[in-house]
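Colleague: I am new to reading protein models and would love some company. Could you take one part of this one and walk me through it slowly?

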Amino acid sequence: MIIDTALWNSLPVPALMLDGEDMIISSNPAAEIFLNMSTKALTKQKLWDTVMIDAPLEAPFARARANRTSLFVNDVDVGSGERAPRLCNIQFAPLQGSDDTMIVMISPREIASRINQNHSSEKAAKSAIGMAEMLAHEIKNPLAGITGAAQLLSMGLSPQDQEMTDLIVEESRRIVKLLEQVEQFGNLRPPLLKPVNIHDVLDRARQSAAVGFGAHMLFIEDYDPSLPQTMADADQLLQVFLNLLKNASEANKEGGAIRLHTFYETSLRVRRSDGTQARLPLQIEIIDDGPGLPPEIAEDVFEPFVSGKENGTGLGLALVSKLIGDGGGWISVDSVPGRTVFRISLPLAPKDFQTGEN
């Protein structure tokens, strides 16, 4: 296992390296400062005994280690015996080239707050996101050339050799799909909130699904026609519905039913990050009778890079969650074999919009 020491020591966020027994085998200078402990004091210590994390993460972390996947946890208190807890985001990721080594990166939320308060830092953050979008765009260009070259090569090959070129084409297209979703995450345009009839958007999504990816499914409309309008970005809401309908259709490849249910619930309130409460009475449920979400990912299904589909990017539902959250709504999921319910809760449009007054 070869580690670039200079790169490791230059990481701006606290980072720890763990062996297969969750013992700390290395820490960078940022971690020493954050935890107020030296590398010598941290080394050969059990992560869960040394770093105080106010969340039950041992089981999800064990699954991430076993599957060699990443795990993201937001808004959790992290500290040590020598340092008071601070609100952080944490990322666990496998070290490439190693069978069992994992890296833990801790991002204190104070850093994000300072970025929001400092104009120059905010510009730098936007530039970084723009750079990611640009790289995604530039990578797609050579991938198109690789795909085309593989397709040309396949024309003169035997069926056995064509399997290899088909694999190149298939994997190249999968990477392009992932890059397109990365580009969507980099879209900094805020939602354009206007009064929207939920059923109009649902019908557009249903019609599109019924003639495309969901042609093998039965769509059942169970609407409350008296629902008032919501404040939402209609295009982004359509994207959310299409994504959820596609997931339900792909989970039920042999055919099944998707029920679109809307209703009004006066009691639902959600506490926002600033401590205020939001009233979200408009409810949309997309219900399918497929096999359900794998239990090991059900709790983390809205996190980036968490997917229950083979070769899935794990960005689709994360994007759905981002779009709903940016628009002031809430999304949740309840899944058992034979019944998966994605529930979206949205706010009312103000009364002057409801009545047509200005």
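**A hairpin and what lies beyond**

Modeller: Happy to! Let us start with a hairpin: strand β1, residues 15-18, and strand β2, residues 24-27, run antiparallel and are joined by three bridges. Please keep in mind that this is a predicted model. To see one of the pairings, find Met-17, whose bridge partner in β2 is Ser-26. Between the two strands of this hairpin there are five residues, and in the hairpin Asp-22 takes a positive phi near 65°.

Now keep that positive phi in mind, as we can look at other places with a positive phi. Lys-44 has one of about 70°, although Lys-44 is not a glycine. You will find Lys-44 in the loop between α3 (39-42) and α4 (47-50). Is Lys-44 buried or exposed? Its relative accessible area is 65%, and a residue counts as exposed over 50%, so Lys-44 is exposed.

Arg-68 is not a glycine either, and its phi is positive at about 55°. Arg-68 sits in the loop between α5 and β4 (71-80). Here the relative accessibility is 28%, so Arg-68 counts as partly exposed; that label covers values between the 20% and 50% cut-offs.

The helix before that loop leads us to some aromatic rings. How many aromatic pairs does a search of the whole structure find? There are three. Take the pair of Phe-61 and Phe-92: their ring centres are 5.0 Å apart and their planes meet at 55°, so this pair is tilted. The cut-offs help here, because planes under 30 degrees apart count as stacked and those over 60 as edge-to-face, with the rest tilted. Phe-61 belongs to helix α5 (residues 58-67) and Phe-92 to strand β5 (residues 83-94), so the pair links distant parts of the chain, 31 residues apart. Both Phe-61 and Phe-92 are buried. Together with Trp-48, these two residues form one aromatic cluster.

For a last stop, go along to helix α11, which spans residues 316-326. Which residues are buried in helix α11? They are Gly-316, Leu-317, Ala-318, Leu-319, Val-320, Leu-323 and Ile-324. After α11 comes Gly-328, and its phi is positive, near 90°. That brings us back to the backbone angle we met at Asp-22 in the hairpin, where phi is positive too.

Methods:
Residues numbered from 1 in each chain as written. Predicted model: local features only at pLDDT ≥ 70, side-chain atom pairs only at ≥ 80, totals over all residues. Heavy atoms only, no water. Pairing = 2+ DSSP bridges. Helix = DSSP H or I, 4+ residues; strand = E, 2+ residues; numbered from the N terminus. Phe/Tyr/Trp six-rings, centres within 6.5 Å; stacked < 30°, edge-to-face > 60°. Buried < 20%, exposed > 50% of the residue type's maximum accessible area, 1.4 Å probe, protein only.
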